[in-house]
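Please open the model in a viewer and keep the selection panel at hand. The tour proceeds by selections, each followed by a description of what is there.

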Amino acid sequence: MGSTVTRRRSARSVATALVAVATMGLLLAAGAASATASSPVLEFATPGNAFPVAFTTESGEVKAELAGFESVVTCTTSQGEGEITGPHSTMSEYTFTGCAAKGSSLNASCKSEGAATGEILSEQVEAEPVFIDQARDEVGMLLDPHGGVYMEFECGGESVVAEGPFLAPGSPIDKETMSFTLALSESHGVQTPNEYESADGQKHLALPTGIRGTHQPASTGVEATFTVHTSAPVEVKAVTSAEIEAKQREEAEKARQGEIKTL
């Protein structure tokens, strides 16, 4: 009886392993087909270091303009801190100081709830590296990629709500560094550039908007230059479909070896 049960358990283990191997093979084939059809994607690399990698940011003057309004919000400086949490994402928060709205319709200092006068605080902002124009090798960071509110404040008692997503061109592509620059620009309340390329090679819009008081949402543009300092060397790499396929094969093989060892 004991030997019969052992044989049955062994047979089930072998069958399970064969199913697992076959499943991994199907996943690998599907992944390879997907990678072949896709354009190269960007990802963070941290040679010799593991994620997360901490970073800080600093900037000079920051200007924000809401389309259709004469008043412009300016801040004298900003500081931020966050982490590169993985190959495709960062999380960070920012503090803007010396902030005020200036224009014929509104002249007043600005502040977030609970902050000091002239101080605006951001929510936690997610970002990911993207191609802005792959043909020209132009890359940047897509901030607030999933949309939603990333900043709220008031100027002279009037509320302002800012929503993403938006683009910050510049990043260390194919180069290890611990310091690089992101430059945001706008024109008459419209962020420029406002298009990026996804992994499938398609163009997508990144249009930040703002809501002032009881007015309807309008496009908004931010102008600033941020310097980013990382705690370890980082690099943004363009990963090709062949590299994605090789990585998938390696992961599939590791999974297969793990299944075999458990038999």
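What volume does the largest pocket have? In this predicted model, the largest pocket has a volume of about 460 Å³. To find the pocket, select Val41, Leu42, Glu43, His88 and Val239, which are the closest to its centre among the 22 residues of the lining. Next, colour the elements that each give two or more residues to this lining: strand E1 (41–45), strand E10 (125–133), strand E17 (195–197), strand E20 (218–239) and helix H2 (241–261). Colouring the lining by class then shows 12 nonpolar, three polar and seven charged residues.

**The whole chain**

Now return to the full view in a cartoon representation. The protein chain has two helices and 20 strands. Of its 263 residues, 39% are buried. With a surface switched on, the exposed area of the chain is about 13,800 Å², and carbon and sulfur atoms supply 54% of that area. If contacts between residues at least 6 apart in sequence are drawn, 66% of them join residues at least 24 apart.

**The aromatic pairs**

How many aromatic pairs are there to visit? The count comes to two aromatic pairs. Begin with Tyr94 and Phe226, whose rings are arranged edge-to-face, at 6.2 Å centre to centre and with 65 degrees between the planes. This pair links distant parts of the chain, since Tyr94 belongs to strand E6 (residues 89–97) and Phe226 to strand E20, 132 residues apart. Strand E20 was also coloured earlier, as one of the elements in the pocket lining. Tyr94 and Phe226 are both buried.

Move on to Tyr150 and Phe166, an aromatic pair that is tilted, with 5.1 Å centre to centre and 40 degrees between the planes. Tyr150 lies in strand E12 (residues 149–155) and Phe166 in strand E14 (residues 166–169), so this pair ties together parts that are 16 residues apart in sequence. Are Tyr150 and Phe166 buried or exposed? Both residues, Tyr150 and Phe166, are buried.

**Two cis peptide bonds**

Select Gly164 and Pro165 and display the backbone. The peptide bond that joins Gly164 and Pro165 is cis, with omega about 5 degrees. Pro165 is located in the loop between strand E13 (158–163) and E14; strand E14 also holds Phe166 of the tilted pair.

Then select Thr192 and Pro193. The bond from Thr192 to Pro193 is likewise a cis peptide bond, and its omega is near -5 degrees. Pro193 sits in the loop between strand E16 (190–192) and E17, and strand E17 is among the elements that contribute to the pocket lining.

**Two residues with positive phi**

Which value does phi take at Asp137? Asp137 has a positive phi of about 60 degrees, although the residue is not a glycine. Look for Asp137 in the loop between E10 and strand E11 (138–143). Because its relative accessibility is 47%, Asp137 counts as partly exposed.

The last selection is Asp174. Phi of Asp174 is near 55 degrees, which is again a positive value in a residue other than glycine. Asp174 is found in the loop between E14 and strand E15 (177–187). With 48% relative accessibility, Asp174 counts as partly exposed.

Note on methods: Residues are numbered from 1 along each chain as its sequence is written. This is a predicted model: local features need pLDDT of at least 70, side-chain atom pairs count only at pLDDT 80 or more; totals for chains, interfaces and linings use all residues. Side-chain values use heavy atoms; hydrogens and water are left out. Helices (H or I, at least four residues) and strands (E, at least two) are DSSP runs, numbered from the N terminus. Buried means under 20% relative accessible area, exposed over 50%, partly exposed in between (1.4 Å probe, protein chains only). Contact means heavy atoms within 4.5 Å. Accessible areas come from the Shrake-Rupley method with a 1.4 Å probe; for residues, only the protein chains shown count as cover. On a 1 Å grid over the protein atoms alone, a cavity is a set of points where a 1.4 Å probe fits but cannot get out, and a pocket is an open set with protein on both sides within 12 Å along at least five of seven lines; lining residues have an atom within 4 Å of a point. Grid points are joined across faces, edges and corners, and a volume is the space filled by probe spheres set on the points. Ala, Val, Leu, Ile, Met, Phe, Trp, Tyr, Cys and Pro count as nonpolar, Asp, Glu, Lys and Arg as charged, and the others, Gly among them, as polar. Rings of Phe, Tyr and Trp (its six-membered ring) pair if their centres lie within 6.5 Å; planes under 30 degrees apart count as stacked, over 60 as edge-to-face and the rest as tilted.
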